[in-house]
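Biologist: I've just opened this one and don't know my way around yet. Could you pull it up and let me ask some basic questions?

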Amino acid sequence: SASTLTVLVKDNDDVVTRLKEFLNESKVLITALEYKHQMYEGEKVTKIVVVFGTPTLIIELNEFLANLDKEFSPIQCKLSNETYVKNKRL
């Protein structure tokens, strides 16, 4: 089963565009992306749900999450259904 990442980021004009660019440049295979604007604790946020293709290498996923954190400082970040394949290149 695939891994799903749910991220809440502060909503601003170019956040979705920037996210799409970020996802396109990522090494991680992404099979689905959806987003919606909503309120969270009185703040405007964008909720992004990303479904990763399988198998996803844990090393690539960790790098992806670190870059996401650096780039967007998410309010919330949740990964579910973790089924990774260990990096076979090690």
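Biologist: How far apart are the side chains of Thr46 and Asp11 in the polar contact that joins them?

Modeller: First, this is a predicted model, where local features need pLDDT of at least 70, side-chain atom pairs count only at pLDDT 80 or more, and totals for chains, interfaces and linings use all residues. Residues are numbered from 1 along each chain as its sequence is written, and side-chain values use heavy atoms, with hydrogens and water left out. A polar contact is a pair of N or O atoms within 3.5 Å; within protein, one must be able to donate a hydrogen and the other to accept it, and residues adjacent in sequence count only if both atoms are side-chain atoms. For Thr46 and Asp11 the distance is 2.8 Å.

Biologist: Which other side chain has a polar contact with Thr46, at 3.2 Å?

Modeller: Thr46 sits in strand β3 and is buried, at 0% relative accessible area. Buried means under 20% relative accessible area, exposed over 50%, and partly exposed in between, using a 1.4 Å probe and protein chains only. Beyond four places in sequence, the contacts of Thr46 (heavy atoms within 4.5 Å) include Val7, Val9 and Tyr35. The partner at 3.2 Å is His37.

Biologist: In what order do the helices and strands come along the chain?

Modeller: Helices (H or I, at least four residues) and strands (E, at least two) are DSSP runs, numbered from the N terminus. There are 2 helices and 4 strands here. Starting at the N terminus, the order is β-α-β-β-α-β.

Biologist: What span does helix α2 reach from its first C-alpha to its last?

Modeller: Helix α2 covers residues 58-72, which makes 15 residues. The expected span is 1.5 Å times one less than the number of residues. That comes to 21 Å for α2, and the model is close to it, at 21 Å.

Biologist: How wide is the arc covered by the buried residues of α2?

Modeller: The buried ones are Glu60, Leu61, Phe64, Leu68 and Phe72. They all fall on the same side of α2 because their arc around the axis is so limited. The arc is taken from the directions from the helix axis to the C-beta atoms, and here it is only 100°.

Biologist: How many aromatic pairs are there?

Modeller: Rings of Phe, Tyr and Trp (its six-membered ring) pair if their centres lie within 6.5 Å; planes under 30 degrees apart are stacked, over 60 edge-to-face, and the rest tilted. By that rule, the count is 3.

Biologist: How far apart in sequence are Phe22 and Phe72, which form one of the pairs?

Modeller: Their rings meet edge-to-face, 5.6 Å centre to centre with 85° between the planes. Phe22 belongs to helix α1 and Phe72 to helix α2, so this pair links distant parts of the chain, with a separation of 50 residues.

Biologist: And what is the angle between the planes of Phe52 and Phe64?

Modeller: This pair is edge-to-face too, 5.4 Å centre to centre, with 90° between the planes. Phe52 is in strand β3 and Phe64 in helix α2, so the pair ties together parts 12 residues apart in sequence. Both residues are buried. To repeat the angle, it is 90°.

Biologist: Which element gives the most to the largest nonpolar core?

Modeller: A nonpolar core is a set of buried Ala, Val, Leu, Ile, Met, Phe, Trp, Tyr and Cys residues joined through side-chain atoms within 4.5 Å. The largest one has 16 residues, and those with the most contacts inside it include Leu5, Val9, Leu19 and Phe52. β1, α1, β3 and α2 each supply at least two of its residues. With 5 residues, the top contributor is α1.

Biologist: Which residue, 49 places from Phe52 along the chain, has its C-alpha 5.5 Å from that of Phe52?

Modeller: Phe52 counts as buried, at 0% relative accessibility. Beyond four places in sequence, its contacts include Ala2, Leu5, Ile30 and Leu79. The residue you're after is Ser3.

Biologist: What is the phi of Glu41?

Modeller: Most residues other than glycine have a negative phi. Glu41 lies in the loop between β2 and β3 and counts as exposed, at 70% relative accessibility. Although Glu41 is not a glycine, its phi is positive, at about 50°.
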